[in-house]
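Here are a few friendly notes to read alongside the structure. Take them one at a time, and keep the picture open as you go.

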Amino acid sequence: MGVRASGSATVVTSQKVREGRDEEYRRWQEKTNRVVRDFDGFEGTETYPPDSGEEREWVVVFRFTAMEQLTAWLDSGARRQLLAEVRPLLERTPKQEVLAGGEVPAPEPEEGVTAVISHDVRPGKGADFERWQGKILKAQEKYPGFMGSELFRPVEGIQDHWVVVFRYDTREHLEGWMDSGIRERLLEEGRDYFSAYDVRKVGSAFSGWFRFGAGADEAPPNWKQAMTVVLALYPTVMGLNLTAGHEFRLWGIPGYLGLFLGNVLSVSILTWLLMPLVNRALAFWLRPDRARPVRVEVAGTAIVVLCWVLSIVIFGLTTH
């Protein structure tokens with residue numbers, strides 16, 4: 001775990017949206033993403049909706065080439081106007097963590113789930129806090145699924161927090177560490193060095209299958225991702241069962257090995273063939289950087305459901 005130096009800059013923001021206002025917030029975020037693209041040094045943004053209806057906390061990551069350019073965005077009149085517009089949609093004031101140097105990579109499926117933890121370090125305890133974080137890292141490295149950690153110092157004139165970013169391969173492994181007894185003991189020890197801390201978790205189930213060209217770093221809403229994956233997955237699995245699966249049985253391949261080979265084939269077909277085709281065909285509905293009327297949302301959903309029904313009918317007639 002290293003401490004990043006000056007250079008590229010990232011801000012991680014989190015907003016707790018009022019119940020029933022998610023679509024309004026989504027449109028506001030799309031507008032914000034369009035505005036920020038006009039600022040010097042802007043490199044990309046990712047938007048992560050809440051994993052459950054109870055959380056209602058949206059996490060957004062903005063990346064800039066340098067801290068000066070990120071600061072220009074944070075202090076701009078355009079951003080102040082956007083914050084004033086979104087205030088009625090939020091339960092509380094948005095939180096943000098500025099990370100000087102390095103970056104928080106977008107969590108692709110192979111890159112797992114990220115946690116961003118900010119600490120209010122007690123005056124004069126910075127060196128002790130840093131040594132304590134070293135103990136945390138040694139403990140984390142022994143837990144399943146740990147993929148790395150980074151410590152970010154406060155940014156003078158912008159924020160006083162120390163921020164730790166770490167990643168696990170799955171949400172279950174992340175929760176295993178967060179709920180562990182050793183972490184609880186280390187947190188008690190660390191209270192000598194910090195007065196408060198705040199946790200945000202960032203992850204997306206299928207984000208690596210949904211990309212729409214350069215600069216489009218966001219993924220569609222999880223429910224659209226799930227619907228679209230099922231659209232491509234069902235005919236893939238059925239087709240493989242009727243072809244490769246039949247051959248596997250004829251060749252005497254054991255069921256457990258045949259299932260593994262089928263999974264390899266289905267994921268490969270989805271990733272490199274079907275999902276790119278589906279993304280292009282449904283881009284009018286999937287693209288997260290486009291504002292769209294309700295009729296387009298309904299039309300896209302209806303098209304996917306109709307394709308589900310057609311797939312079921314076709315394979316029903318074929319197998320019968």
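The points below go through a strand, some salt bridges and a cavity.

1. Before you start, please keep in mind that this is a predicted model.

2. Let's begin with strand β3, which covers residues 57-64. Is this strand mostly covered or mostly open? It is mostly covered, as 7 of its 8 residues are buried.

3. Now look at the partners of β3. Strand β1 (residues 9-16) pairs with β3 in the antiparallel sense, over 8 bridges. One pair to find is Lys-16 with its bridge partner Glu-57 in β3. Strand β2 (residues 42-48) also pairs with β3 in the antiparallel sense, over 6 bridges. Here you can look for Thr-47, whose bridge partner in β3 is Val-60.

4. Glu-57 comes up again when we turn to charges. Side chains of opposite charge can pair when their charged atoms come close. The structure holds 13 salt bridges. In one of them, Arg-92 pairs with Glu-57, and their closest N and O atoms are 2.9 Å apart. Arg-92 sits in the loop between α3 (77-86) and β4 (95-100) while Glu-57 belongs to strand β3, so this pair ties together parts that are 35 residues apart in sequence. Arg-92 itself is partly exposed, with a relative accessible area of 36%.

5. Next, visit helix α4. Arg-131 forms a salt bridge with Asp-128, with 2.3 Å between the closest N and O atoms. Both residues lie in α4, 3 residues apart, which is about one turn of the helix. Arg-131 counts as exposed at 53% relative accessibility, whereas Asp-128 is partly exposed at 23%. Lys-125 joins Asp-128 and Arg-131 in a network of salt bridges.

6. Another residue of α4 reaches a separate part of the chain. Arg-153 forms a salt bridge with Glu-130, the closest N and O atoms being 3.2 Å apart. Since Arg-153 lies in the loop between β6 (146-152) and β7 and Glu-130 in helix α4, the pair ties together parts that are 23 residues apart in sequence. Both ends are partly exposed: Arg-153 at 40% relative accessibility and Glu-130 at 26%.

7. Finally, look for empty space inside. How many cavities of 30 Å³ or more does a search of the whole structure find? There are 3, and the second largest has a volume of about 100 Å³. Helix α4 gives the most to its lining, with 4 residues. The lining of this second largest cavity includes Trp-132, Phe-166 and Arg-183, and its residues divide into 8 nonpolar, 3 polar and 1 charged.

Definitions and conventions: Residues numbered from 1 in each chain as written. Predicted model: local features only at pLDDT ≥ 70, side-chain atom pairs only at ≥ 80, totals over all residues. Heavy atoms only, no water. 1 Å grid on protein atoms, 1.4 Å probe; cavity = no way out; pocket = protein on both sides within 12 Å on 5 of 7 lines; lining within 4 Å. Points joined across faces, edges and corners; volume = space filled by probe spheres on them. Helix = DSSP H or I, 4+ residues; strand = E, 2+ residues; numbered from the N terminus. Nonpolar A, V, L, I, M, F, W, Y, C, P; charged D, E, K, R; others polar. Buried < 20%, exposed > 50% of the residue type's maximum accessible area, 1.4 Å probe, protein only. Pairing = 2+ DSSP bridges. Salt bridge = Lys/Arg side-chain N within 4 Å of Asp/Glu carboxyl O.
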